[in-house]
Amino acid sequence: MKSWFATDIKTLIAIGISTLVIYLVVIAFTRIFGKRSFSKMSSFDFAMTIAVGSIIASTLLSQSVSLLEGVFGCFFIFLFQFLIAQLRRYQSVQTAIDNTPLLLMDKQEILDNNLKKARITKSDLRAKLREANVCRLSQVRAVVFETTGDISVLHTNQEDLELEDWLLKDVKNQ
């Protein structure tokens, strides 16, 4: 029981470095492998969730990880989350960490290359249009694959109503 509450400075430094590396690797992998792997979360949120869950599990279930080490690991995750949240105010950091929304339909035109990039099938797209109560493709102004993995359908029944440019700011067309 005594080992649960004891550690040394080298171990704490190793935990801090390991936590940072794993945190950054999870963000990188989710950026590389795509948003579909974690719908409704940004890579930033996903990394935090997985890292905290892993540290909690290791601390609770492993006799080789002391309680103090687990607490210290959690502290580092929350500290990195806080620091990265502050740094995301800078566009270069935000671009590196967050995914970019992707245009899947521009008015009635289905952007096949973007569907492939997003790993979305036309069947997925049709289902999302039905879910948004689109009855005619002429109602669609834009369909966007969001940074969270959600698909947003911007549509209207008014044929002459144009979409404001501001709504598509930062959305990649290609």
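These legends go with a set of close-up views of a predicted model.

**View 1. How confident the predictor is, part by part.** Before zooming in, here is the confidence picture. The protein has a mean pLDDT of 84, and 92% of its residues come in at 70 or more. Helix α1 (residues 9–33) has the lowest confidence, with a mean of 81, while β1 has the highest, at 95. As a reading tip, predicted coordinates should not be read in detail where pLDDT is low.

**View 2. The open sheet has four strands, in the order β2-β1-β3-β4.** The pairing in this sheet is antiparallel. Which strands sit at the edges? They are β2 (109–110) and β4 (151–155), and each of them pairs on one side only. Moving through the sheet, β2 and β1 (residues 102–106) are held by two bridges, β1 and β3 by four, and β3 and β4 by five.

**View 3. Strand β1 is joined to β2 and to β3.** Start with the β2 side: the two strands run antiparallel and share two bridges. Here D106 stands opposite E109 of β2. Now look at the β3 side, where four bridges link the antiparallel pair β1 and β3. L102 has F145 in β3 as its bridge partner.

**View 4. Strand β3 (residues 140–145) is largely enclosed by the rest of the structure.** Why can we say that β3 is largely enclosed? Because six of its six residues are buried. Pairing with β4 is antiparallel and runs over five bridges. One spot to look for is V143, whose bridge partner in β4 is V153.

**View 5. A hairpin connects β3 and β4.** Five residues lie between the two strands of this hairpin. Which residue there takes a positive phi? That would be G149, with a phi near 95°. Past the hairpin comes β4 (151–155), one of the edge strands.

**View 6. T156 and L163 both lie in the segment after β4.** T156 is buried, since its relative accessible area is 15% and the cut-off for buried is under 20%. The T156 side chain reaches the backbone nitrogen of Q158 at 3.2 Å. Setting aside neighbours within four places in sequence, T156 is in contact with Q139, R141 and L161. With the same neighbours set aside, L163 is in contact with R141, A142, L154 and L168. So R141 turns up in both contact lists, that of T156 and that of L163. How far is L163 from D8? Their C-alpha atoms are separated by 59 Å, and the two residues are 155 apart along the chain.

**View 7. Helix α2 (residues 43–61) spans about what its residue count says it should.** With 19 residues at 1.5 Å each, α2 should span 27 Å. The C-alpha atoms at its ends are 26 Å apart, so the two values agree. Which α2 residues are buried? They are S43, F44, F46, A47, M48, A51, V52, I55 and T59.

**View 8. Q81 of helix α3 (residues 67–87) is in contact with residues including F44 and M48.** Is Q81 buried or exposed? It is buried, with 14% relative accessible area. Leaving out neighbours within four places in sequence, the contacts of Q81 are Y23, F44, D45 and M48. Of these, F44 and M48 are also among the buried residues of α2, and Y23 falls in the residue range of α1 (residues 9–33).

**View 9. The structure holds two salt bridges, and this view takes K122 with D112.** The closest N and O atoms of K122 and D112 are 3.3 Å apart. K122 lies in helix α6 (residues 122–131) and D112 in helix α5 (residues 112–118), so this pair ties together parts that are 10 residues apart in sequence. How accessible are the two partners? K122 is partly exposed, at 41% relative accessible area, and D112 is partly exposed too, at 37%.

**View 10. K128 and E131 form a salt bridge within helix α6.** Their side chains meet at 2.8 Å, N to O. The two residues are three apart in α6, so about one helical turn separates them. In an α-helix there are 3.6 residues a turn, so residues three or four places apart point the same way. E131 is exposed, at 58% relative accessibility.

Notes: Residues numbered from 1 in each chain as written. Predicted model: local features only at pLDDT ≥ 70, side-chain atom pairs only at ≥ 80, totals over all residues. Heavy atoms only, no water. Pairing = 2+ DSSP bridges. Buried < 20%, exposed > 50% of the residue type's maximum accessible area, 1.4 Å probe, protein only. Expected span 1.5 Å × (residues − 1). pLDDT = per-residue confidence, 0-100. Contact = heavy atoms within 4.5 Å. Polar contact = N/O pair within 3.5 Å; in protein donor to acceptor, adjacent residues only side chain to side chain. Salt bridge = Lys/Arg side-chain N within 4 Å of Asp/Glu carboxyl O.
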